[in-house]
Amino acid sequence: MSLLDEAEDETARRPQAPRGLFTVEATRTQVGLYRISVHNTLGTPDEGVMVADRLTVDHIPTAERRARAWTDIARMHRALSQGTETFAALRRVEQEAPQEARRPALRALTTNLLYRPARIPGLREFAGRTGALV
């Protein structure tokens, strides 16, 4: 977490990294995405919620990275048992990069939502489109 804090401080000092120096843009948004991933991995997804609320995923330059951001946000919401929010993030993955929504890990997330007691409108159709429902 201290390395993420340092990275965030650095992006504040240098809002524009020199082009070609990094393979991933060194921005506050990217640091936020890594922070959410770390919280998911550490089992503290609740600490990622405020980070996710501050992110501007639409400003990420590539569809693949935006889809990855929504994937991590979906995982965060699933760990918090927030089915509707999980599904909303999964739909954003599909909007950004439809092939990403068909990945086995995301199909498993979708299937998990299907077998919860609460019904989510549109989920069954999404599951069919993405291969989670066969």
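Which residues does H77 touch, not counting residues up to four places away in sequence? Keep that question in mind as we look around this predicted model, one view at a time.

**Figure 1. The protein chain as a whole is built from helices, with seven helices and zero strands.** If you follow the protein chain from the N terminus on, the elements run α-α-α-α-α-α-α. The C-alpha trace spans about 50 × 30 × 20 Å along its principal axes. For 134 residues, a compact globule would have a radius of gyration near 14 Å, and the 16 Å of the protein chain agrees with that. Of the 134 residues, 37% are buried. Now consider contacts with a separation of 6 or more: residues 24 or more positions apart account for 54% of them.

**Figure 2. The surface and charges of the protein chain come next.** About 8100 Å² of the protein chain is exposed, and carbon and sulfur atoms supply 53% of this area. The protein chain also carries 20 positive and 17 negative charges, and the mean positions of these two groups are 7 Å apart.

**Figure 3. Helix α2 covers residues 28-42.** This helix has 15 residues, and the distance from its first C-alpha to its last is 21 Å, close to the 21 Å expected at 1.5 Å a residue. Try picking out its buried residues: they are T29, Q30, V31, G32, L33, R35, I36, S37 and H39. What do these buried residues pack against? Their partners are α1 (2-13), α3 (49-54) and α4 (63-79). Just after α2 you will meet G43, a residue with a positive phi of about 80°.

**Figure 4. D72 sits in helix α4 and touches residues of the α2 region.** D72 has a relative accessible area of 5%, which is under the 20% cut-off, so D72 counts as buried. Leaving aside its neighbours within four places in sequence, D72 is in contact with L33, I36, S37 and N40. You have already met L33, I36 and S37 among the buried residues of α2. This view therefore goes well with the previous one, where α4 is one of the helices that the buried residues of α2 pack against.

**Figure 5. H77 is another residue of helix α4, and here is the reply to our opening question.** Not counting residues up to four places away in sequence, H77 touches Q82, E85 and T86. Is H77 buried or exposed? H77 is buried, because its relative accessible area is 13% and the cut-off for buried is under 20%.

**Figure 6. S81 lies in the loop between α4 and α5 (83-96).** Look at the backbone here: the phi of S81 is near 60°, a positive value in a residue other than glycine. Most residues other than glycine have a negative phi. As for its surroundings, S81 has 47% relative accessibility and so counts as partly exposed.

**Figure 7. A105 belongs to helix α6 (residues 104-114).** With 35% relative accessibility, A105 counts as partly exposed. How many residues apart in sequence are A105 and A79? They are 26 residues apart in sequence, and in space they are 14 Å apart, C-alpha to C-alpha.

How values were computed
Residues are numbered from 1 along each chain as its sequence is written. This is a predicted model: local features need pLDDT of at least 70, side-chain atom pairs count only at pLDDT 80 or more; totals for chains, interfaces and linings use all residues. Side-chain values use heavy atoms; hydrogens and water are left out. Helices (H or I, at least four residues) and strands (E, at least two) are DSSP runs, numbered from the N terminus. The expected span of a helix is 1.5 Å times one less than its number of residues. Buried means under 20% relative accessible area, exposed over 50%, partly exposed in between (1.4 Å probe, protein chains only). Contact means heavy atoms within 4.5 Å. The radius of gyration is taken over C-alpha atoms; the globule rule is 2.2 Å times the number of residues to the power 0.38. Accessible areas come from the Shrake-Rupley method with a 1.4 Å probe; for residues, only the protein chains shown count as cover. Lys and Arg count as positive and Asp and Glu as negative; His and the chain ends are not counted. The place of a charge is taken as NZ of Lys, CZ of Arg, CG of Asp or CD of Glu.
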